[in-house]
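Here is a quick walk through the model, helix by helix and contact by contact. Keep the viewer open while you read.

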Amino acid sequence: QEKLLQGYCQAYYQLANQLYNLDRTNPHAARAVVQCELPNLLRAVHLALQSGRNEEGVDFADSVNRFLRVFGLRRDAEALTEAAGKAGGTVGSQAWYLAQSNLGEQLRQNGQPGAAAQVFANILAGLEETPSYNRCLTLTMLGRCSKAQGQLASAEQLYRQELDELAQLELNEQIRRQIGITHGELADVLCNQKRYNEAKTAYQVALEIMKDLDDMRSVAVVTGQLGTVAYLQDELAAMELDKAGGNLP
């Protein structure tokens with residue numbers, strides 16, 4: 001029975017990771033599978049957290065929590081975040097980082113950006129000061145918290161700091177995607193400050209990166225944001241919405 005449960009948890013852990021990645025390129029398919037398999041995913045992730053394998057269990061929880069939030073299953077997300085927090089490892093470890101990040105994101109999505117910002121600030125303090133992927137993700141989340149509190153200048157500074165740190169990391173698909181995400185976040189803040197030309201430039205950088213990565217969900221989002229900028233500048237007539245030309249997904 002124990003071996004069967006271990007195999008069950010491992011199979012659904014692998015599935016959760018695959019669906020997490022698939023959600024970027026084919027969200028409709030990924031979310032349809034998650035809806036069918038959600039009872040198994042929830043049972044397996046809680047068993048994994050109880051097994052004592054902290055890093056694997058917390059990573060599993062991070063993947064499942066993405067979909068719980070997408071589906072608006074707040075109570076399930078809160079319960080899983082709490083369980084992952086109890087299983088989190090020592091300060092600075094990957095398990096600790098994921099558990100605390102999930103806690104911060106839970107607070108932010110529940111309309112508590114100030115409390116979330118404190119969690120992310122604590123994460124930043126617990127990480128090494130040298131640039132790293134986890135540091136950059138945390139700067140993104142701090143920027144979102146600042147934006148939610150109306151602190152646009154602070155958010156812009158955080159995103160520019162993140163871009164500086166990302167430029168110091170070895171370039172791979174993960175880092176390229178984060179660079180694209182950060183340009184998109186920066187563009188949102190610039191747009192909110194009515195700096196539309198700068199926002200458009202940042203969105204275009206993000207769009208090209210996401211096209212190269214075949215991240216169609218992000219391509220659709222950024223294309224819509226460029227349309228919003230054009231609307232705000234009263235430039236809709238200048239927008240060439242040529243589907244055949246590849247300007248729209």
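## Helix ends, cores and rings

Right after α10 comes Asp214, and its phi is positive, near 60°. This is a predicted model, so take the angles and distances below in that spirit. Asp214 sits in the loop between α10 and α11 (216–232). At 45% relative accessibility, Asp214 is partly exposed.

Asp214 has company. Lys194 is another residue other than glycine with a positive phi, near 65°, and its place is the loop between α9 (173–192) and α10 (196–212). Most residues other than glycine have a negative phi. Lys194 counts as exposed because its relative accessible area, 64%, is over the 50% cut-off. Then there is Gly111, which follows α5 and has a positive phi near 80°.

Here are the three side by side:

| Residue | Phi | Where |
|---|---|---|
| Lys194 | near 65° | loop between α9 and α10 |
| Asp214 | near 60° | loop between α10 and α11 |
| Gly111 | near 80° | following α5 |

Now for α10 itself. With 17 residues at 1.5 Å a residue, α10 should span 24 Å, and its end C-alpha atoms are indeed 24 Å apart. Its buried residues are Tyr196, Ala199, Ala202, Tyr203, Ala206, Leu207, Ile209 and Met210. These cover an arc of only 165° around the axis, so they fall on the same side of α10. Asn197 and Asp212, on the other side of α10, are exposed. What covers the buried residues of α10? The cover includes α9 and α11.

Compare the picture for α5 (94–109). α5 has 16 residues and reaches 22 Å from its first C-alpha to its last, close to the 22 Å expected at 1.5 Å a residue. The buried residues of α5 include Trp96, Tyr97 and Leu98, along with Ser101, Asn102, Glu105 and Gln106.

On to the packing. In soluble globular proteins, nonpolar side chains tend to be buried together. The largest nonpolar core here has 43 residues, and Phe60 and Val64 have the most contacts inside it. Helices α1 (2–25), α2 (27–50), α3 (54–70), α4 (74–87), α5, α6 (113–126) and α7 (133–148) each supply at least two of its residues. Which helix gives the largest share of this core? That is α2, with nine residues. Apart from this core lies another one, of 27 residues, with Leu169, Leu186, Tyr203 and Leu213 among them.

Phe60 deserves a closer look. Phe60 is buried because its relative accessible area is 1%, under the 20% cut-off. Leaving aside neighbours within four places in sequence, Phe60 is in contact with Cys9, Tyr12, Tyr13, Ala16, Leu41, Ala44, Val45 and Ala48.

Last, the rings. The count of aromatic pairs comes to two. In one of them, the rings of Tyr13 and Phe60 have their centres 5.5 Å apart, and with their planes at 45° the pair is tilted. Tyr13 belongs to helix α1 and Phe60 to helix α3, so this pair ties together parts that are 47 residues apart in sequence. Tyr13 is buried too, with a relative accessible area of 13%. There is also a charge over a ring to look at: the charged end of Arg66 sits over the ring of Tyr20, 4.6 Å from its centre.

How values were computed. Residues are numbered from 1 along each chain as its sequence is written. This is a predicted model: local features need pLDDT of at least 70, side-chain atom pairs count only at pLDDT 80 or more; totals for chains, interfaces and linings use all residues. Side-chain values use heavy atoms; hydrogens and water are left out. Helices (H or I, at least four residues) and strands (E, at least two) are DSSP runs, numbered from the N terminus. Buried means under 20% relative accessible area, exposed over 50%, partly exposed in between (1.4 Å probe, protein chains only). A nonpolar core is a set of buried Ala, Val, Leu, Ile, Met, Phe, Trp, Tyr and Cys residues joined through side-chain atoms within 4.5 Å. Contact means heavy atoms within 4.5 Å. The expected span of a helix is 1.5 Å times one less than its number of residues. Rings of Phe, Tyr and Trp (its six-membered ring) pair if their centres lie within 6.5 Å; planes under 30 degrees apart count as stacked, over 60 as edge-to-face and the rest as tilted. A charge sits over a ring if NZ of Lys or CZ of Arg is within 6 Å of the ring centre and within 35 degrees of the ring normal. The arc is that of the directions from the helix axis to the C-beta atoms.
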